[in-house]
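The following exercises concern a protein structure and a ligand. Each task is followed by a solution in steps.

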Amino acid sequence: MKLETYQNIVNGELVHSGHSYQELANQYGTPLYIFDEASFRKRIESYTANFHSDLFETQVLFASKSLLTKAIAKIIAISPLGQDVVSAGEIFVGLAAGVKPDKMYFHGNNKSDEELVYALQNEVGTIVIDNRMEASRLEQIAEKLNKRPKVLLRINPGVEAHTHQYIQTASLDSKFGESIFDEQIFEFITQLHESQFLNFVGFHSHIGSQVFDRESFFKASLAMMEFAQTSQEKTKYRITEINFGGGFGVYYTKEDQPFEMAEFLPEFVQNIEKESVRLGLKLNKICIEPGRSLVNASGSTLYRIGDLKDTVSGKHYLFVDGGMSDNIRPALYQAQYEAAITNKITEPATIEYTVAGKACESGDKLIENITLPQAITGDLLLVNGTGAYNYTMASNYNRLARPAMIHIDGAHHRLTVKRETFEDMMKNELD
Ligand SMILES: *Cc1c(COP(=O)(O)O)cnc(C)c1O
């Protein structure tokens with residue numbers, strides 16, 4: 001397992017900022033989500049410092065669907081980050097933690113009237129419109145509430161990004177946004193510009209997730225700026241803001257080769273500056289909205305190893321006390337992870353295990369074929385790179401209680417999410 005900056009080996013044991021995983025497991029129980037605050041704060045600083053321009057205002061938004069708790073939102077609230085939200089529930093958590101609503105961008109392809117009312121009443125700064133029906137619903141709501149929200153339109157630039165490759169114009173049938181290849185779009189954009197009740201300023205797009213190809217981002221940003229220029233020509237109205245989305249790839253296993261964000265971001269900004277001058281755009285604000293790449297490496301999950309079983313076919317199963325209920329990603333899209341037995345970190349890896357969870361699904365395997373030292377019941381298995389899309393996608397399948405979460409900040413650690421109880425899981429149920 002690739003160690004994170006906050007992990008090192010002391011007396012044959014893996015530790016987190018000097019804290020023994022054995023002691024953390026004893027104090028907080030397992031499975032346990034562990035989040036490293038210091039590395040998160042460092043990444044926030046680096047992103048905001050490197051996504052900077054002298055030509056326009058820059059804003060890094062945290063895609064909060066990747067990891068959102070009150071404690072995380074409190075870190076966002078006192079940081080320079082804005083918050084990308086996709087539901088009233090995410091707005092609620094942000095507000096509860098003190099995130100300024102004017103720094104929120106409200107996305108989503110089917111926001112309900114109730115959610116739009118909630119967003120406007122709470123002064124959410126920017127609504128990212130997905131489609132024509134939403135635009136007219138938002139106009140009616142804004143008129144009724146006597147508001148004039150700032151609005152972006154989500155567009156689909158036809159650059160669909162995959163790991164190591166992109167397919168141009170292949171995403172014409174995406175559920176998100178309006179395609180730039182639709183000639184009718186300029187009529188719609190004119191309506192947005194001329195709306196009495198909307199303050200339409202520009203465009204948003206998000207090309208995909210876990211993208212490793214830098215070129216996809218350059219290509220998509222160019223497509224968006226060219227589209228902004230075309231839009232200005234066709235509608236005679238100025239575009240002043242573009243949100244370029246997130247999706248920057250991160251390391252899970254050796255197969256992943258993420259690019260260095262501290263190098264990429266300044267080049268990305270410079271390219272936007274150069275192209276916007278060339279195209280005659282007068283942007284005054286640009287945004288990006290990373291989720292995974294801000295939080296994933298700060299998170300890990302600690303499990304206690306239970307039974308071990310060898311199948312007749314020779315497969316070695318290692319069972320942990322969590323699984324798809326706390327990390328659905330392997331079952332959902334064959335996501336890969338690395339792991340280590342923290343109390344045997346210096347022992348030679350000799351056995352190929354399949355790490356499986358305790359849920360009643362054959363697909364509940366966290367890691368297929370990982371070579372580890374000989375494990376016994378009671379050992380601790382740590383899976384790295386679980387900061388994003390683990391807690392937020394967790395479920396109570398099989399009535400498994402969702403794990404607790406702790407934050408570690410150097411010498412200190414504290415509980416930030418209590419372990420669920422059986423009563424918690426029943427609290428909405430009536431006779
Ligand atoms: C999911 C999402 C993001 C963040 O994606 P990451 O891969 O976590 O960086 C940003 N913007 C939008 C609109 C999204 O849907």
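**Exercise 1. Determine how many residues of domain 1 and of domain 2 are in contact, and describe the setting of this contact.**

Solution. Step 1: In this predicted model, five residues of domain 1 are in contact with four residues of domain 2, where contact requires heavy atoms within 4.5 Å.

Step 2: The parts must be located along the chain. Domain 1 comprises 7-36 + 297-426, and domain 2 comprises 107-289.

Step 3: Between the C-alpha centres of the two domains the distance is 37 Å.

**Exercise 2. State what area is buried between domain 1 and domain 2, and which residues of domain 1 supply 70% of its share.**

Solution. Step 1: The size of an interface is often expressed as the accessible area lost when the parts come together.

Step 2: For domain 1 and domain 2 the buried area is about 500 Å². Carbon and sulfur atoms give 45% of this area.

Step 3: On the side of domain 1, 70% of the area buried against domain 2 is supplied by R329, Q336 and E338, more than by any other three residues.

**Exercise 3. Characterise the interface of domain 1 and domain 2 by its polar contacts, salt bridges and residue classes.**

Solution. Step 1: Two residue pairs are in polar contact between the domains, both at pLDDT 80 or more.

Step 2: The count of salt bridges between domain 1 and domain 2 is zero.

Step 3: The side of domain 1 that touches domain 2 is made up of one nonpolar, two polar and two charged residues.

**Exercise 4. Describe the surroundings of the ligand: which residues come nearest, and how much of its area does the protein cover?**

Solution. Step 1: There are 15 residues around the ligand, of which K65, S209, E289, R292 and Y389 come nearest.

Step 2: Distances can be assigned to three of these residues.

- K65: a side-chain N or O atom is 2.5 Å from an oxygen atom of the ligand.
- S209: a polar side-chain atom lies 2.5 Å from an oxygen atom of the ligand.
- E289: a polar side-chain atom lies 2.8 Å from a nitrogen atom of the ligand.

Step 3: On its own, the ligand has 390 Å² of accessible area, and the protein covers 95% of this.

Step 4: By class, the shell around the ligand contains three nonpolar, seven polar and five charged residues.

Note on methods
Residues numbered from 1 in each chain as written. Heavy atoms only, no water. Domains from an automatic or database assignment. Buried area = accessible area lost by both parts, 1.4 Å probe. Salt bridge = Lys/Arg side-chain N within 4 Å of Asp/Glu carboxyl O. Polar contact = N/O pair within 3.5 Å; in protein donor to acceptor, adjacent residues only side chain to side chain. Nonpolar A, V, L, I, M, F, W, Y, C, P; charged D, E, K, R; others polar. Near = heavy atom within 4 Å. Areas by Shrake-Rupley, 256 points an atom, 1.4 Å probe, with all protein chains shown as cover.
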